[in-house]
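Please look over the sequence and the model shown here before reading on. The report after it is meant for someone meeting this structure for the first time.

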Amino acid sequence: MTPEIITVLAILVAVIILLVTEWAPLEVLAMLVMGVLAITDIVSPKEALAGFSNPAVVTIWAVFILSGGLTRTGIANILGRQLLKVAGRNESMLVVIIMVIAGVLSAFMNNVAVAALMLPVVMDIARKTDQSPSTLLMPLAYGSLLGGLTTMIGTPPNILVSEALRENGLEPFKLFDFSPVGLIVMACGVAFVTLVGTRLLPKRNLAKETAGHRTDFRSQYRLQEHLFQIKVPGSSALVGKTLAGSRLGAALGLTVVGITRRAGITLLAPPITETIQADDLLIVEGKPDRIQEMNNWGQLLTETDAIGPDALTAHGMQVARLNLNPGSAYENQTLADIGFRNRLGLNVLAIERDSRQMDADLKIQPLRAGDTLVVYGPSEKLAAVADDGHFQPPEILTAEDMDNYAKLGHDLRQLRVPETSKLVGLTLGESRLGDAVDVQILLLVRADGTALVPASDDCFTAGDRLVVWGTADMISILLMQGLEGMFIEADTPQTDLSMLEDDQVGLVEVMLSPHSVLSGKTLRGMNFREKYGLTVLAIWRKGTAYREDLRDMALQFGDALLLYGPWDKLNLLGREPDFLVLTEGAQEAPREEKAKLALTIMAAVLIPVIMDWVPIYIAVVIGAAVMILTRCLTMEEAYRYIEWKAVFLIAGMLPLGTALDNTGAARILAEGVVGTLGPFGPYAVLFGLMAITFIATSIIPTAALVVLMVPIALKTAASLGISPYALMMGIAMAASSSFTSPISHPANVLVMGPGGYRFIDYIKVGVPLTLVVLVVLMIVLPIFWPLMP
C-alpha cells in the first residue's frame with residue numbers, strides 16, 4: 001500500500017466512526033474531510049471544491065425547490081381530500097391509497113417534504129374515519145421512501161449514482177430508468193405493509209376518543225392524571241401578582257390552564273399577564289406534590305431583615321469581574337448550558353453588556369463576545385478561573401469598586417434552616433431553591449462555621465445559614481409569606497380536559513417542521529410562551545410523554561408538542577415555518593390557485609429531460625427559478641425547503657469518493673469484495689454489496705453511504721467484467737430503503753411522535769420489509785439490468 005492509500009483509508013475509517021457517533025454535525029464533518037484531503041494533497045484544491053459545482057449536487061438542491069413549489073401549492077391537500085372519498089373507512093384500502101399517493105408524490109418530490117405535507121392530512125383522515133393514526137402514519141413514511149425508488153429525481157442516491165456513471169464515461173441513468181424495478185419494489189412493499197406490517201403495529205386509537213372535531217389527548221399524554229385545582233386565599237402573597245410574576249411555572253413547574261373567579265366566571269388559557277385575585281381557583285397542570293415543595297421553602301426562617309454588602313467579603317469570599325475571551329466556546333451558550341456554578345464554583349451576580357448591567361434571569365441569557373460577568377465566590381475558585389481559558393484573569397473588586405454597583409449587597413438576606421424543616425437532608429437540586437425563583441444562594445454556612453458556595457448536590461443540614469441574593473419580590477416568594485395558605489381544592493369535581501376547550505380555546509399537537517431552525521433550542525431560550533401566547537403542556541418523544549421541566553428540554557426533530565391556548569394563536573402558529581400543526585385546518589392555507597401552474601412547471605421540466613433535449617441539472621434549475629418567479633413559493637421559502645445539511649454533506653463527501661478512486665484505495669476494497677464473494681458468482685457480489693448497504697443505511701446518512709460505495713462498486717464491476725448498472729442501481733435502492741429504525745431517515749422520525757411509535761415498532765415492521773425488498777431486488781434487478789454485459 002502506498003502512503004496515499006493508507007491516508008485515504010484512515011480518513012475513511014475516521015469518517016465512518018464520526019458519522020455513526022455523530023460526534024460533530026454532519027455538514028461540518030464533510031467540510032473537514034474536504035479540507036483535510038486538500039491539505040494532504042490527496043486531491044487538488046480544485047477537486048476538493050468540485051463537489052459544490054457537481055451536477056448531482058445542483059440537481060439535488062434544485063429538486064428541493066421544485067418540491068417546495070408543489071408543497072406550497074397544496075398538491076397533497078387536494079389528493080388527500082380525494083383519498084377520503086375513494087377509500088371510505090376500510091383500513092386496508094386507506095393504507096394502500098396513502099402509500100400509493102405518498103409514493104407517487106415522492107417520485108418527483110423530496111421524501112421528507114411528502115411525509116410532512118401529508119401528515120396533517122392523514123391525521124385528519126384518522127379522526128374522521130375512526131382509525132388509529134399508528135396504523136396509518138408508518139405506512140405514510142414507508143410509502144414516501146418506496147416512491148423515491150421509482151425515478152432518478154425521487155431520492156438523492158439515485159441522482160448520485162447516475163452522475164457517477166456519467167463521470168466515469170458510462171451512459172448515465174435516465175429519468176425513468178429506475179421505474180421498472182422501483183415500481184415492482186414499491187408494489188411489493190405496499191402489499192407487505194398492508195397485509196402484514198399493519199398487524200405488527202400498535203393500535204393507539206386517539207380517534208375514538210374524539211369530542212367533536214378535536215382530539216382528546218388523555219390516553220397518550222395522561223394529562224387527566226395531572227390536572228388539579230388549588231385555592232388562593234386572600235392572605236396569599238400571590239394576590240395581585242401576574243401569572244408570570246407568581247413564578248408558579250418556574251418555581252414549581254405548574255401550568256395554570258384556567259382560573260375560576262368568585263363570580264363563577266372561568267378564564268381558560270389565561271395570558272401570563274393575568275393578575276391573580278383573592279379566592280381564585282386555579283386549574284393547574286403539574287404535580288400536586290410541588291405544593292409541598294413550596295411549603296418546605298416556607299419553613300426557612302428569616303434570621304435578619306437584611307445584611308449589608310460586607311457580607312459579600314466574609315468567610316474568604318470575593319467579588320470579581322470576568323471578561324469573556326474573544327472566540328470562547330461559551331459564546332451563545334447560557335449559564336445553565338455551561339453549568340457555570342457547578343463547573344467553576346462561582347455565582348454570577350450580574351452581566352455587563354454594552355454599558356448595561358443585567359441582574360435578572362441570568363441563567364437563560366446567552367453570553368456574547370465582550371460580556372463581563374460580575375461573580376462571587378471563594379478566592380481559590382477565582383484564582384483557578386485564570387486557567388479556565390474562557391476568561392481573562394479576574395479583576396477583584398474592592399469595597400470602593402462595589403459602591404459603583406447599586407444593587408450589590410442591597411438585596412441580601414440571611415436565612416436559617418431549622419431542625420424541623422423538611423429541607424433537612426435534601427440537596428439544593430432536589431429542593432429547587434436555586435432554579436425556582438431566580439434567587440441565588442450565594443453562601444451556605446454550616447453550624448460549625450465552615451462556608452461554601454453550594455453545588456446542586458450539596459445537602460441541607462439543620463442550623464445551616466443561607467446568604468441569599470435576589471429582588472425583594474423573589475425573596476418574598478422564597479420565604480412563602482402567606483403562600484402556605486394555598487391548598488389543593490379537594491371538594492371540586494374532577495377536572496376534565498373537555499372543560500378546558502370551547503370555541504375560543506383548544507388543544508393541538510404540533511411538531512418541528514423538517515425545515516425548522518429551532519432544533520436544539522429550549523422553550524425557555526426561545527421565550528415560547530411570551531412569543532406565541534401558548535402553553536406547552538407536554539412533549540412526546542420516542543414513545544414517552546414528558547410533562548415536567550419542559551422549559552429546559554432542548555427540542556429535537558420528531559418531538560410532538562401538546563399546545564394549549566386560544567384558537568387564533570394556534571391558527572397563527574400554523575403559519576410559522578418552524579412548526580407543523582397536525583390538523584390540516586390549523587395550517588397556513590396553501591396556494592391552491594397555483595396548483596395547476598406548479599404541475600405545469602413540473603411537466604415542463606420533465607418532458608425535455610425524458611426526450612433528452614436538456615440535461616436534467618439544467619432543466620431543474622430553470623424549473624426552480626420559474627417556480628419562484630411565478631410565486632408558487634417565495635425566495636425565502638425556497639431557501640427553507642433546500643436541505644442544506646444534505647447539500648453540504650454530499651458536496652463535502654464527493655472528494656472522498658474521488659480520493660478513493662484516484663489513489664487506488666477503491667480498487668483494494670473492491671479486490672476484497674471480489675476475493676470474498678467473487679468465487680460465488682456475480683449474483684453473490686450483487687447480494688453482498690446490497691446487504692452491506694442495507695445494514696449501513698441504518699447508521700450512516702444515505703447520501704454519504706452512496707458516495708463511499710460507488711467507487712467500490714465500479715471497481716468491483718471492472719474486476720469481474722460484469723455490468724456496473726445492476727450494482728449501481730442496487731446500491732442506490734438499498735441506500736434509500738431506510739426502514740429499520742426511526743433514525744435511519746427523517747421521514748421515519750417525523751411520524752414517530754404523532755404515531756406514538758417506539759423504536760421496536762420500526763424494527764418489527766422495517767426489518768421484514770427490508771428483507772422483502774432485498775429478495776425482490778435480487779429477482780428483478782438482473783431481469784431489467786443483466787449482470788453480464
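The sections below go from the whole chain to its cores, its ring pairs, its surface and its salt bridges.

## The chain as a whole

This is a predicted model, and its protein chain has 789 residues, of which 57% count as buried. The secondary structure comes to 33 helices and 20 strands. Among the contacts in the chain with a separation of 6 or more, 79% are accounted for by residues 24 or more positions apart. The chain exposes about 31,500 Å², and carbon and sulfur atoms supply 59% of that area.

## Nonpolar cores

In soluble globular proteins, nonpolar side chains tend to be buried together. Here the largest nonpolar core has 157 residues, and those with the most contacts inside it are Y142, M653 and L656. Helix α30, which covers residues 702–720, gives the most to this core, with twelve residues. When its neighbours within four places in sequence are left aside, L656 is in contact with V8, I11, L12, V15, V33, L37 and L708. A second core, separate from that one, has 21 residues and includes F528, V536, L570 and F579.

Another buried position that can be followed in some detail is M186, which lies in helix α10. M186 counts as buried because its relative accessibility is 9%, under the 20% limit for that class. Not counting residues up to four places away in sequence, M186 touches M99, V100, G103, V104, L146, G147 and T150. In the case of G103, the two residues are 83 residues apart in sequence, while M186 and G103 are 7.8 Å apart in space, C-alpha to C-alpha.

## Aromatic pairs

The structure holds 14 aromatic pairs. In one of them, F173 and Y725 are arranged edge-to-face, at 5.7 Å centre to centre and with 70° between the planes. Because F173 lies in the loop between α9 (156–167) and α10 (179–200) and Y725 in helix α31 (residues 724–736), this pair ties together parts that are 552 residues apart in sequence. Both F173 and Y725 are buried, and ring pairs link these two residues with F178 and W785 into a cluster.

The rings of F528 and Y532 have their centres 4.9 Å apart and their planes at 45°, so this pair is tilted. F528 and Y532 are four residues apart in helix α22 (residues 528–532), and they are therefore separated by about one helical turn. F528 is buried, with a relative accessible area of 3%, and Y532 is buried as well, with a relative accessible area of 9%.

## A nonpolar patch on the surface

A nonpolar surface patch of about 530 Å² is made by I743, F759, I760, I763, V767 and L771. Within this group, I763 has its place in helix α33, which covers residues 759–784. At 32% relative accessibility, I763 counts as partly exposed.

## Salt bridges

Side chains of opposite charge can pair when their charged atoms come close. In this model the count comes to 13 salt bridges. One of these joins R321 to E352, with the closest N and O atoms 2.6 Å apart. This pair links distant parts of the chain, since R321 belongs to strand β6 (residues 317–323) and E352 to strand β7 (residues 347–353), 31 residues apart. R321 and E352 are both buried.

The side chains of D371 and R353 also meet in a salt bridge, at 2.7 Å from N to O. D371 lies in the loop between β8 (356–358) and β9 (372–378) and R353 lies in strand β7, so the pair ties together parts that are 18 residues apart in sequence. D371 is buried, with a relative accessible area of 0%, and R353, at 5% relative accessibility, counts as buried too. In a further salt bridge, D464 and R446 meet through their side chains at 2.7 Å, N to O. D464 is in the loop between β13 (451–452) and β14 (465–469), whereas R446 is in the loop between β12 (440–445) and β13, 18 residues apart. D464 is buried, with a relative accessible area of 0%, and R446 counts as buried at 18% relative accessibility. Finally, R72, R591 and E637 are linked in a network of salt bridges.

Note on methods
Residues numbered from 1 in each chain as written. Predicted model: local features only at pLDDT ≥ 70, side-chain atom pairs only at ≥ 80, totals over all residues. Heavy atoms only, no water. Core = buried A, V, L, I, M, F, W, Y, C linked by side-chain atoms within 4.5 Å. Buried < 20%, exposed > 50% of the residue type's maximum accessible area, 1.4 Å probe, protein only. Helix = DSSP H or I, 4+ residues; strand = E, 2+ residues; numbered from the N terminus. Contact = heavy atoms within 4.5 Å. Areas by Shrake-Rupley, 256 points an atom, 1.4 Å probe, with all protein chains shown as cover. Phe/Tyr/Trp six-rings, centres within 6.5 Å; stacked < 30°, edge-to-face > 60°. Patch = residues over 30% accessible without salt bridge, like charges linked within 9 Å, V, L, I, M, F, W, Y side chains within 5 Å. Salt bridge = Lys/Arg side-chain N within 4 Å of Asp/Glu carboxyl O.
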